[in-house]
Amino acid sequence: MLPPVARQIATTVRLKDCYLLRQERRWASGGAPPSWRPAAILDEWVQREARPISLRQLTFFGRTLTEDRLLSSANYVRTELPTRLAHRLRDMQTLPYVVVTNPNMSHVYELYYKAFETLRRVREIKTVDDNDRYCNIITETLQEHLTVIPKLAMGVIECQSLMKPEETDKFMNTMLRSRISRRVIAEQHLALTETFHSPWHFPDAKQPQEPSADFVGDVFPKCNVKEVVEECSQRARTLAREAFGSACRLPEVNLQGHLNATFLYILSHLQYIVGEILRNSIEAVVERWRHLPGHPAPVEVLICEAPQHVIIRISDQGGGIPKDVLPNLWSFGKGPRSHIHLENFVRVPKMAATMQELKPSPTSTGGSAPVANDWRRPVDGSLSSLTYRPPDLRLGMGLPMSRVYAEYWAGSLELHSLEGYGVDTFLTISKLGNKNEQLSTRASMDAV
């Protein structure tokens, strides 16, 4: 019998041979071979450094928006998108061969390579008409990439035995953080373009009264934690009622602390993080009090405003996190319930910029999956679509994804579980808007 290392090598060779045979047949029938190996053009883009941007810089383009600022924003996005895509393509090329040939991983690779080839060919944007054409390209790309998160997640779960867990989570964290960064700058520019074409952005125009007028693109200078918690808790309670029935006893959500704290932030990011935490807390309390008398213990939210940060503590008495789940709480692909998560992802063919914007496929609920946001989208898209998420749909990515969002703008998300009692979750946000986006490390020039 062959030793374990030899058996592993032999298995990899057989898988590689089978894959190459399938590809040769596909190429013989007219299909094009995939671009697995690095090309000179990709090497050139990988050598470029991404230029991170802060929330304050994002708002700079939008305040007193002029044609020159709009075109400056467009050309920044024009060079950044292919650069950031090139780094992620190189990351995928350095994965084990058997992982990259996974159908779901291969799907993401082909999407990224197509987008890279399209976006790198866009020439300097010199006019508003050039910008409008570029916005159409961005919008189409965002629509096509709605399948990225489900495919990545399924690929990671299917390949969890082929990579070390820490390597898998590092890869997934890098891919998601980079995806957020691309969508932030792309959607911010689409929002600025919408503002530029609106009749009210000129100096002499009468300002509208709708809430969206306070936004600078997608950035909201007046994010109020109290308002976000109240809205998200209402939606989370609605979901819990749908999941457990109208007769279930729901906990109250109590707020205390600095209730007037406001700061510069992307509202949809804050809504996503707070929404995920509150949903977990409320549902845990409901499940625990099914077997206990009296009214459920409330979920306590404490808001603390410091000179440079806002800290949000969300405490529940839902019994804590089970021992078998806790070690893999922040993992994207490993855990005792990964097989359930894989089955659920099959029901979610597409995801938009936040995971709250999803529905199961029409075969499971009679609904339809959401489409990507075009330029003229509602500002509160992620919160308004929270109710589209079925109560029984567990994907295992809520907390890991929330941490990626929190750390993206130099914040943090920590969780402390007291078994048999409850959970304390601490969300720290940098409130000054002067921290650059926390991008992933530049990809290595070496590929396997």
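Reader: Which residue does aspartate 91 meet in a salt bridge?

Author: In this predicted model, the salt bridge of aspartate 91 has a distance of 2.6 Å from N to O. Both partners lie in helix α4, which covers residues 67-93, and because they are three residues apart there, about one helical turn separates them. Both partners are also buried, and the residue that aspartate 91 meets is arginine 88.

Reader: How many salt bridges does a search of the whole structure find?

Author: The pair of aspartate 91 and arginine 88 is a salt bridge, and so is the pair of glutamate 230 and lysine 226. A search that takes in the whole structure gives a total of 15.

Reader: Why are glutamate 230 and lysine 226 separated by about one helical turn?

Author: Glutamate 230 forms a salt bridge with lysine 226, and their closest N and O atoms are 2.9 Å apart. An α-helix has 3.6 residues a turn, so residues three or four places apart point the same way. Glutamate 230 and lysine 226 are separated by about one turn because, within helix α10, their spacing is four residues.

Reader: Is glutamate 305 buried, partly exposed or exposed, and is lysine 431 buried or exposed?

Author: These two residues form a salt bridge, with 2.9 Å between the closest N and O atoms. The pair links distant parts of the chain, 126 residues apart, since glutamate 305 belongs to strand β4 and lysine 431 to the segment after β7. Glutamate 305, with a relative accessible area of 31%, is partly exposed, whereas lysine 431, at 16%, falls under the 20% cut-off and therefore counts as buried.

Reader: Which residues are joined into one network by salt bridges that share partners?

Author: Some salt bridges have partners in common, and through these shared partners a single network arises. Its members are Arg51, Glu80, Arg84 and Glu437.

Reader: Where do the buried residues of α10 fall, seen down its axis?

Author: Helix α10 has 20 residues and reaches 28 Å from its first C-alpha to its last, close to the 28 Å expected. Among its buried residues are Val225, Val229, Cys232, Ala236 and Phe244. Seen down the axis, the buried residues fall within an arc of 130°, so they line one face of the helix.

Reader: Which residue caps the N-terminal end of α10?

Author: The helix runs over residues 225-244, and glycine 245, with a positive phi near 100°, follows it. At the N-terminal end, a side-chain oxygen of the capping residue lies 3.0 Å from the backbone nitrogen of lysine 226, and that residue is asparagine 224.

Technical notes. Residues numbered from 1 in each chain as written. Predicted model: local features only at pLDDT ≥ 70, side-chain atom pairs only at ≥ 80, totals over all residues. Heavy atoms only, no water. Helix = DSSP H or I, 4+ residues; strand = E, 2+ residues; numbered from the N terminus. Expected span 1.5 Å × (residues − 1). Buried < 20%, exposed > 50% of the residue type's maximum accessible area, 1.4 Å probe, protein only. Arc of directions from axis to C-beta. Polar contact = N/O pair within 3.5 Å; in protein donor to acceptor, adjacent residues only side chain to side chain. Salt bridge = Lys/Arg side-chain N within 4 Å of Asp/Glu carboxyl O.
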